Amino acid sequence: MVEALMMTFGVIHHGGLSVIEVIEQSMQWLMLMYNETGSKSYYDIMVSEVAAYINMGFSMPKGNAIIDAVINRENIPAEDFSMEMCSLKRGKKIKPTKTQVRSMIGKWKPSRSSPMTISELVDDIIDKVVNKRIGSYQYTYRAYDADARSIMQTDRYELVITESESFFWDIKNFKFYVFENREPKLPAESLYSDKE
């Protein structure tokens with residue numbers, strides 16, 4: 001169930017929502033149904049949602065009464081939700097630096113369908129993350145068999161930037177990389193006032 005939720009969370013941005021928004025709204029409804037019916041199934045789904053969120057590489061959600069209640073329940077210790085305890089290990093938190101961004105991407109060579117070099121690709125991702133260019137960006141690498149003149153392998157990646165979160169999804173390997181929040185750098189000319 002956790003992997004299915006991770007897949008869902010990986011695509012909900014296409015509907016204009018962030019992962020944390022969906023979890024918060026979903027958990028409100030699930031808690032309502034849990035309180036009305038007493039069915040443990042609703043509670044189990046809430047636990048799975050939090051586990052999926054953390055397995056993607058996001059930090060423990062805080063400040064939401066329902067999420068806090070689920071995490072702090074006596075029979076489910078908070079450490080069960082920490083990244084160290086997550087069994088899937090499908091995600092991790094990274095900084096938008098050249099070294100860390102490069103580590104997310106497998107083999108990459110420019111081609112007719114993907115003309116960017118690996119350095120240009122890394123710079124493009126960093127620029128979009130650091131400057132919070134909201135949107136969804138697709139990157140595809142196709143390895144060709146020179147003899148057969150056919151595609152042997154396709155690697156697909158998606159960069160997702162919303163108002164509240166940024167993550168990179170290696171679709172083929174089902175891995176997520178969540179970017180630590182970073183303020184955009186001001187252009188050098190804006191550092192000086194017109195009065196000087």
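**Exercise 1. Overall layout**

What percentage of the 196 residues in the protein chain do buried residues make up? Then describe the fold pattern.

*Solution.* The model is predicted. Step one: buried residues account for 41% of the 196 residues. Step two: count the elements. The chain has six helices and five strands. Step three: put them in sequence order. The pattern reads α-α-α-α-β-α-α-β-β-β-β. Step four: look at contact range. Take contacts between residues at least 6 apart in sequence; 57% of them join residues at least 24 apart.

**Exercise 2. One side of H1**

Find which residues of helix H1 (residues 2-11) are buried, and explain where they sit around the axis.

*Solution.* Step one: list them. Val2, Leu5, Met6, Phe9 and Gly10 are buried. Step two: check the directions. They cover an arc of only 145° around the axis, so they lie on the same side of H1. Step three: recall the helix geometry. An α-helix has 3.6 residues a turn, so residues three or four places apart point the same way.

**Exercise 3. What H1 packs against**

Identify the contacts of Ala52, leaving aside its neighbours within four places in sequence.

*Solution.* Step one: place the residue. Ala52 belongs to helix H3. Step two: test burial. The cut-off is under 20% relative accessible area. Ala52 counts as buried because its relative accessibility is 0%. Step three: list the partners. They are Val2, Leu5, Met6 and Phe9. Step four: compare sequence and space. Ala52 and Val2 are 50 residues apart along the chain, yet their C-alpha atoms are separated by 5.0 Å.

**Exercise 4. The nonpolar cores**

Which residues touch the most other members of the largest nonpolar core?

*Solution.* Step one: this core has 33 residues, and the answer is Phe9, Val19, Met27, Met46 and Phe167. Step two: find the contributors. H1, helix H2 (19-37), helix H3 (40-55), helix H4 (65-72), strand E4 (166-170) and strand E5 (175-179) each give two or more residues. Step three: set the second core aside. Apart from the largest lies another core of 21 residues, including Ile105 and Tyr177. Step four: zoom in on Phe9. Beyond four places in sequence, its contacts include Val19, Ala52 and Phe167.

**Exercise 5. Strand E5 and its partners**

Work out how E5 is paired with E1 and with E4.

*Solution.* Step one: strand E1 (residues 91-94) runs parallel to E5, joined by four bridges. Here Lys93 stands opposite Val178. Step two: E4 runs antiparallel to E5, also with four bridges. Asp170 has Lys175 as its bridge partner. Step three: inspect the turn. E4 and E5 form a hairpin with four residues between them, and Phe174 in the turn has a positive phi of about 50°. Step four: assess cover. Four of the five residues of E5 are buried, so E5 is largely enclosed by the rest of the structure.

Notes. Residues are numbered from 1 along each chain as its sequence is written. This is a predicted model: local features need pLDDT of at least 70, side-chain atom pairs count only at pLDDT 80 or more; totals for chains, interfaces and linings use all residues. Side-chain values use heavy atoms; hydrogens and water are left out. Buried means under 20% relative accessible area, exposed over 50%, partly exposed in between (1.4 Å probe, protein chains only). The arc is that of the directions from the helix axis to the C-beta atoms. A nonpolar core is a set of buried Ala, Val, Leu, Ile, Met, Phe, Trp, Tyr and Cys residues joined through side-chain atoms within 4.5 Å. Contact means heavy atoms within 4.5 Å. Two strands pair if DSSP finds at least two bridges between them.
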